[in-house]
Structures are given as C-alpha cells and as structure tokens.
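Thanks, everyone, for making the time this morning. I would like to walk you through one structure, and I will try to say at each point what criterion stands behind each term.

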Amino acid sequence: MSQVSAYGAVRPDAPLQAVTIERRDLGADDVAIDITHCGVCHSDLHYVRGEWGETASPAVPGHEIVGIVRAVGAGVTKYKAGDRVGVGCLVDSCRACDTCAEGEEQFCSGHTQTYNGVEKQTGLPTYGGYSKAIVVTQDFVLRIPDGLKSEHAAPLLCAGITTYSPLRHWNVGPGQKVGVVGLGGLGHMAVKLAKAMGAHVVVFTTSPVKVADAKALGADEVVLSKDAAQMAAHTNSFHLIINAVSAAHDLEAYTVLLRRNGTLCLLGAPPITESHAWPQVFTMLMGRRSVAGSPIGGIRETQEMLDFCAEKNVAPEIEMIAPAEINAAYERLVKGDIRYRFVIDMATL
Ligand code: NAP
Ligand code: ZN
Ligand code: ZN
C-alpha cells in the first residue's frame, strides 16, 4: 500500500479538503498512473453530498482521469512507463458475463466503479481521481490519442462517452433532428458530438446567457425551455432528445416534442429525493414514443470515442482550476454557472 494525497469530503455536509488515501501495490496486470488532470462531473457532487445515498468517508470523487504511466506490472502488455493514459467511470468488471464479453462493461452487475466501489484485488473502497495517483488493471486503462491535449481528454472520459454512447445507439447522423436539454458538461459534449455525426441539433436551456454559447458550440437552434411558444414550435419533430439535466423536472414537455417512434433519453441522475414529473401515458401511446436512459459506456466504446474526437477535432470547453478551488466550483455547478467543464490541475496538489 502507498499513501497518496487527495481531495475529499469526510461527511456529506462537509466541504472537500486535503485528505490522504491508500492505493494498492502494483499487481501483475496493474498500471500505476500519476494523475495530471481530473474533470469535475456533476455526479461527483451528487456523490459527495450524499444525494444518491450512502457515501464513503473520505468520499474522494473524480472519474475523468488523465495522467502518465509511472510503472507497470510484470504481466502488462498494453502500456509502458511514460504513456499518456486515461481512466473513466469503471476500473474493473466481472469479465465473465454476456455484457463483459460484448465489451459493454457498464451493464455488468459485477463492475467496479472508479469511486464508491470495492476493489476486487483488496476488498478496500475505491477512490477517484481528485488525487495524485491511481493503480488500475490494464484492461480498464484508455489510450489518449496524440491529437488530444490531456486537459481536453479528461472530460471525454465521462461527459464524452456518456453522450457519445446513446448518440451511436440511436444511430444519429445526417437527416436526424436531435435535441439536447441542459447545457452543462454533458450537454455541451452532446451538442459537439451530434454535430460531428451530422445531425441537426437544437439546444434547450433554462439560461438565457447560454444562448450565444450554444450557437458557438455548433447548435443549429436554441430554445429557452421556459418559453411555451418556443417549445411548441418543435412539437412532433425530434428523432432523439438527450436530456442531461441534473435536477428533476417535467418530462412531458419534452416527450411531446418527439416525432413518431422518437426517444427521450435520460442521462441526468437527480438526487434520489427528487422525482421527475413523468409523461402522460397517451403522449407515449400516440406516436409510440419512448423514454429511455443510458449509463456511461464500456471500455471499447470509450476508446472509439477518444479516437473519434481526435480525428474530428472535438474537444470540450474547459475551465482549469486548482484543487483548493473545488468547493467554489461545486457552488457554481449547483447554479448551472458552468462553461462547460471544470478540470482540476492535479499537478498543483
Ligand atoms: P452540469 O454540468 O451541472 O450541467 C447540468 C445542466 O442542467 C445545467 O448546466 C443546466 O443547464 C441544467 N439544469 C440544472 N438544474 C436545472 C433545473 N433545476 N431545471 C432545468 N435545468 C437545470 O452537470 P453534468 O456534469 O453535465 O451532469 C448532468 C447530469 O448527468 C447529472 O445529474 C449527472 O449526475 C448525470 N450524469 C449521468 C451519467 C450517466 O451515466 N447517465 C454520467 C454522467 C453524469 P441550462 O443552464 O442549460 O439549463
Ligand atoms: Zn461523470
Ligand atoms: Zn460482467
């Protein structure tokens, strides 16, 4: 075991502070990574504040991790010291079930999350990337393409894959009209990725100050979701709406905007004490509309997404912060004041 500096919360109502965690010794299949950058996902905030239930103490979040390989175990073939690598939301899975065989480890009931999980190797809690270093089995480490800066690659490891995966699953491409609800970390990646895939993209935002940004990000149209007339103008028209809002809200308002066979895909995961206002059953019957959800993505698709972003020059809009600025960044996330992903400069920890 080695002691590693980190940032975490000792109680759900406490601010994040400097803490020390333990990382396991390097096993034969393990890669030891010195973390240079970690993106800040709204899931990190839901987790440390106990909005999804129990938290560990300390709760050390962060699943948009980029760093440099420091050392590899004797059996490691995929990476060597000095490689630039990433770690996303998963650090292991059962490797025996159907979904693991298909490379869709996000659906494996035995997967290990990067934080708030239990290490198969040690039985100890997993701690995320708000830390100096991490040890991860080689099959759950991603290769960062040369064309991507580390600070841009980090947010792709959750915000990127979580939006890329449903866009691919629903075969988004030219001729399709795609809506994106909530212009935050996930939402702004959904806009860039859906545009790169050739779709017509419409952003729904509660923030008038983000209208110009949405256009600059590539959106073809922007709707202020509190304006009923602007909403009504899009009735029956979307093939797919990606909903990346972090709080519970009215889903009927978006379901009626779907065309026949259209899908409203929920990505946002509000606090468990909140509940969406679900669509009317007749809204779903008439038009055979679907409301679906999608969780992160598997390792194979995450690597595909990184390579896609490097090839198409897709990168997030980021604001770099120091570790000590994390509590102020969380307050801005709660207010929706985000343009459009905070990335922690871990080298300064
Ligand atoms: P974020 O950067 O904070 O963005 C969320 C956006 O939602 C805000 O910028 C705001 O956009 C909108 N919003 C916030 N509160 C709202 C409210 N009360 N009513 C309407 N709109 C509101 O968050 P994120 O990191 O993108 O994450 C978004 C959600 O996805 C979180 O719940 C997170 O936990 C979840 N998530 C899920 C997965 C998955 O696997 N499915 C993966 C990662 C994250 P506007 O200002 O444009 O309205
Ligand atoms: Zn995330
Ligand atoms: Zn499995």
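Let me begin with burial, since I will use the word often: a residue counts as buried when its relative accessible area is under 20%, as exposed when it is over 50%, and as partly exposed in between, with a 1.4 Å probe and protein chains only. Please keep in mind that this is a predicted model, in which local features need pLDDT of at least 70 and side-chain atom pairs count only at pLDDT 80 or more, whereas totals for chains, interfaces and linings use all residues. Residues are numbered from 1 along each chain as its sequence is written, chains are lettered from A and ligands numbered from 1 in the order in which they are written, and side-chain values use heavy atoms, with hydrogens and water left out.

By that criterion, Cys-41 and His-63 are both buried. Together with Cys-158 they are the protein donors of the zinc ion, ligand 2, through SG of Cys-41, NE2 of His-63 and SG of Cys-158, at 2.0 to 2.3 Å; donors here are N, O and S atoms within 2.8 Å of the metal (3.2 Å for Na, K and Ca), and because water is not among the atoms, sites may look incomplete. Along the chain the donors follow the spacing C-x21-H-x94-C. Cys-41 sits in the loop between strand E3 (30-39) and helix H1 (42-48), and His-63 in the loop between H1 and strand E4 (65-72), so this pair ties together parts 22 residues apart in sequence; helices (H or I, at least four residues) and strands (E, at least two) are DSSP runs, numbered from the N terminus.

Now to the salt bridges, meaning a side-chain nitrogen of Lys or Arg within 4 Å of a carboxyl oxygen of Asp or Glu. The whole structure has 17 of them. One joins Asp-30 to Arg-24 at 2.8 Å, N to O, and both of these residues are buried. Another joins Glu-64 to Arg-341, also with 2.8 Å from N to O; Glu-64 lies in the loop between H1 and E4 and Arg-341 in strand E17 (residues 341-345), so that pair ties together parts 277 residues apart in sequence.

Finally, the domains, whose bounds come from an automatic or database domain assignment: domain 1 covers 2-143 + 317-348, and domain 2 covers 160-293. Two salt bridges are counted between domain 1 and domain 2.
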